[in-house]
Amino acid sequence: MLETSTRQDSIVESLLARGVTRRRFLEFCAATTAILALPVTYETRIAEALETADKPTLVWLEFQDCAGNSESFLRARDPGVADIVLDILSVDYHETIMAAAGHQAEAAREEAIARGGHIVVVEGSVPTAANGVYCTIGGKTAQQILAETVKGAAAVINTGTCSAYGGIPAAAPNPTGAVGVPDLVSGVPVVNLPGCPMNVDNLTATIVHFLTFGALPATDEVGRPLFAYGERIHDHCERRAHFDAGQFALEWGDEGHRKGWCLYKMGCKGPSTFHNCPSQRWNGGTSWPIGAGHGCVGCSEPFFWDTMTPIYGRLPAPPGFGVTTSLERIGAGIVGLTALGFGAHGVAKAIQRKRVGDAVQTPVEIDRAALRKGRDEEGGER
Amino acid sequence: MTTTPRERAEAAAREDPLQVVATAGCVTVRVWQLPVRVIHWTIFSSVVVLSLTGFYIGTPYLSVGSDPRFVMGWARAAHNLAAFVFIAAIVARIIWAFSGNKWSRWDQFIPISKARRENAWAGFKYYTFLSRTPPAGAGHNALAGSTYLVVLVMFLVQIFTGLALLSLESGGALASISGWVFAVLPIPWIRFVHHLIMWMTWGFVIHHVYSAVLMDTEEKTGLISSIFTGWKRLPADRL
Ligand code: HEM
Ligand code: SF4
């Protein structure tokens with residue numbers, strides 16, 4: 001299946017050919033229905049759609065990336081499902097896993113583009129500085145390859161934070177002028193599956209959604225499907241009860257950490273991050289970062305490398321004060337300095353009063369004076 | 001008008017005997033109406049609760065050990081409750097700025113008229129030791145008024161960022177209203193701003209109490225007691 005291929009079998013045919021039972025196939029449909037947060041009645045609809053749909057051609061582009069999403073892709077839930085995932089798709093071009101190389105590989109991509117209606121998966125950000133020379137493949141810049149490949153495509157799926165938002169290559173000071181795919185592509189539906197890397201379950205579900213409904217799933221303001229990024233990590237975290245109770249790990253390996261208490265004070269970004277990690281988990285549902293005892297780093301949020309850091313601090317460092325200064329220090333400074341400033345002002349005012357005398361005639365003095373005058377003139381009225 | 005201050009004060013007292021009492025050369029005026037005082041103390045007490053709970057939410061300093069107490073749960077519940085009291089008080093004050101007496105009106109906070117500009121200048125000179133005389137007036141002096149405008153803006157930002165943070169867990173309409181802000185400022189920075197404004201608020205409180213004590217010492221108008229009773233005793237020409 002990883003040789004370059006121009007076959008267009010139906011999905012179910014190819015599954016049967018690989019010995020995937022119908023029972024296994026229906027289990028997959030049920031699991032995907034659950035990931036998509038659809039009512040169970042959709043199971044049959046999804047099964048029908050996958051039975052009749054042709055294998056969509058998939059072109060997987062890698063730009064400024066670490067191949068983490070490819071890794072994630074190849075580690076789909078369990079071997080049975082991995083087969084299904086790879087079989088649903090006709091992966092015509094994927095640098096890392098395809099057998100073909102060089103001109104032969106590029107020809108496969110060009111063929112897929114020529115047929116049209118393909119799904120483009122992008123991994124990695126696209127450099128735009130210096131005419132895009134920071135990432136070239138076969139003599140073409142990433143920008144050129146992207147523009148060619150999305151022409152006539154049915155959809156673009158960005159896997160990982162880099163292709164969605166620029167990710168780590170785009171972190172300040174962004175020397176390569178890296179941007180995410182949505183900044184460069186228009187006229188083709190685009191969906192973002194950020195994360196470092198993306199979770200393959202969400203990729204599968206997105207593709208199944210596309211095959212079943214003929215459209216990409218509904219997204220939030222930053223282009224992420226709501227089924228996977230609609231809920232906050234903090235609100236589904238298994239350590240949440242410890243958060244509400246006020247039980248926090250204060251140091252790596254301390255009592256709280258060993259007991260699985262909340263990692264809030266260790267800089268966990270779960271309260272600021274939307275992703276289905278707590279329910280979907282990773283590596284076939286084995287575990288996930290917080291489950292493994294490390295705080296969330298917010299990797300599925302745009303520009304997380306710049307905005308969610310320091311990784312082990314809860315709030316960003318106050319700008320201009322160096323990374324070790326906490327906001328509480330600044331706050332104490334604000335309060336302390338105002339107290340000091342006004343205290344000094346008070347002393348100076350007291351000195352001024354001593355030297356220059358009272359500022360005004362106070363009402364008490366005025367009253368006394370007026371009463372005296374009133375008595376003199378009007379015979380003590382009032 | 002060639003009336004003397006005393007005649008003016010007596011005329012004002014005749015017109016509205018509940019709010020102004022004229023004595024020889026002096027007037028005792030109800031500057032702060034009941035809603036103003038109630039709103040003032042509601043804001044103060046909710047800010048105290050919001051700060052104590054907010055500081056705990058930001059820096060959970062109480063260690064509960066193995067015996068869970070739902071401390072954070074309570075802190076967050078109290079914070080949200082106090083937040084809505086606070087919001088109600090701010091909204092009420094804004095409404096009152098358009099319906100209250102002349103010392104509580106919106107124009108007291110924006111020194112645009114010539115008189116208010118001069119008053120602000122007098123206040124500036126007083127605070128910078130260029131003059132010995134505090135700015136004259138019955139309600140807020142113009143400089144203090146503009147400080148409260150800054151504080152109002154701070155509070156509105158605090159309310160907006162607070163609601164935006166709440167929308168992260170509530171979703172729904174709140175999220176649709178405030179969600180755009182995270183595209184401008186990422187979530188951790190919204191927390192940062194919300195946290196910073198707490199400290200700035202306490203900086204303001206120090207300034208506010210200091211200035212109240214300073215002015216009351218200089219002028220002896222009963223400024224400090226006025227925020228409890230509403231009455232100030234002023235030279236008649238202040239009215
Ligand atoms: C003067 C008024 C207020 C003060 C001093 C204050 C203070 C704080 C502080 C210091 C935090 C912790 C921030 C952090 O470090 O992450 C916080 C969190 C929060 N505040 Fe406020 N706040 C005020 C008003 C409000 C208002 C009006 C709302 C509106 C509902 C609000 C809602 C929240 C929420 C939802 C959180 C986040 C709680 C969490 O992360 O679990 N606050 N507040
Ligand atoms: S570990 Fe992180 S996500 Fe989990 S409850 Fe604590 S702060 Fe929230």
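**Exercise 1. Loops of chain A**

In which loop of chain A does A:Pro197 lie, and what is the geometry of the peptide bond from A:Cys196 to A:Pro197?

*Solution.* Begin with the position: A:Pro197 belongs to the loop that separates β9 from α9 (200-213) in chain A, where helices (H or I, at least four residues) and strands (E, at least two) are DSSP runs numbered from the N terminus. The model examined here is predicted, with local features needing pLDDT of at least 70 and side-chain atom pairs counting only at pLDDT 80 or more, while totals for chains, interfaces and linings use all residues. Residues are numbered from 1 along each chain as its sequence is written, chains are lettered from A and ligands numbered from 1 in the order in which they are written, and side-chain values use heavy atoms, with hydrogens and water left out. Turning to the bond itself, the link from A:Cys196 to A:Pro197 is cis, and its omega is near 5°.

Next, apply the same reading to A:Pro310, which sits in the loop running between α15 (304-307) and α16 (327-356) of chain A. The peptide bond that leads into A:Pro310 from A:Thr309 is also cis, with omega near 0°. Finally, consider A:Arg281, in the loop between α14 (277-280) and α15 of chain A: although A:Arg281 is not a glycine, its phi is positive, at about 55°.

**Exercise 2. The sheet of chain A**

In what order do the five strands of the open sheet in chain A stand, and is their pairing parallel or antiparallel?

*Solution.* The order is β2-β1-β3-β7-β9, and the pairing is parallel. At the edges stand β2 (90-94) and β9 (190-193) of chain A, each of which has a single partner strand, so one side of each is left without a neighbour in the sheet. For one of the pairs, take β3 (residues 119-123) and β7 (residues 155-159) of chain A, which are joined in the parallel sense over five bridges; two strands are said to pair if DSSP finds at least two bridges between them. Within this pair, A:Ile119 has A:Ala155 in β7(A) as its bridge partner.

**Exercise 3. Elements and sheet of chain B**

How many helices and strands does chain B have, and how are the strands arranged?

*Solution.* Chain B contains nine helices and three strands, and its elements follow the order α-β-β-α-α-α-α-α-α-α-α-β from the N terminus on. The C-alpha trace of chain B spans about 75 × 40 × 35 Å along its principal axes. The three strands make an open, antiparallel sheet in the order β1-β2-β3. Both β1 (20-23) and β3 (231-235) of chain B are edge strands with a single partner strand each, so one side of each is left without a neighbour in the sheet. Between β1(B) and β2 (residues 26-30) of chain B there are four bridges, and B:Ala22 has B:Val27 in β2(B) as its bridge partner.

**Exercise 4. The surroundings of ligand 1**

Where does ligand 1 lie, and which residues around ligand 1 come nearest?

*Solution.* Ligand 1 is placed between chains A and B. Of the 24 residues around ligand 1 (each with a heavy atom within 4 Å of it), those that come nearest are A:Arg314, B:Arg76, B:His79, B:His194 and B:His195.

As a second step, inspect the polar contacts, meaning pairs of N or O atoms within 3.5 Å. A polar side-chain atom of A:Arg314 is 2.5 Å from an oxygen atom of ligand 1, one of B:Arg76 is 2.7 Å from an oxygen atom of ligand 1, and one of B:Gln158 is 3.5 Å from a nitrogen atom of ligand 1.

Third, ask which elements build the shell: α2 (34-58), α3 (71-96), α5 (142-170) and α8 (187-219) of chain B each contribute at least two residues, and the largest share, seven residues, is that of α2(B). By type, the shell around ligand 1 comprises 13 nonpolar, eight polar and three charged residues.

**Exercise 5. The surroundings of ligand 2**

How do the residues of the shell around ligand 2 divide into nonpolar, polar and charged?

*Solution.* First gather the neighbours, which include A:His234, A:Cys237, A:Arg239, A:Arg240, A:Phe243 and A:Tyr264. The shell around ligand 2 then divides into eight nonpolar, two polar and two charged residues, where Asp, Glu, Lys and Arg count as charged, Ala, Val, Leu, Ile, Met, Phe, Trp, Tyr, Cys and Pro as nonpolar, and the others, Gly among them, as polar.

Terms used
A polar contact is a pair of N or O atoms within 3.5 Å; within protein, one must be able to donate a hydrogen and the other to accept it, and residues adjacent in sequence count only if both atoms are side-chain atoms.
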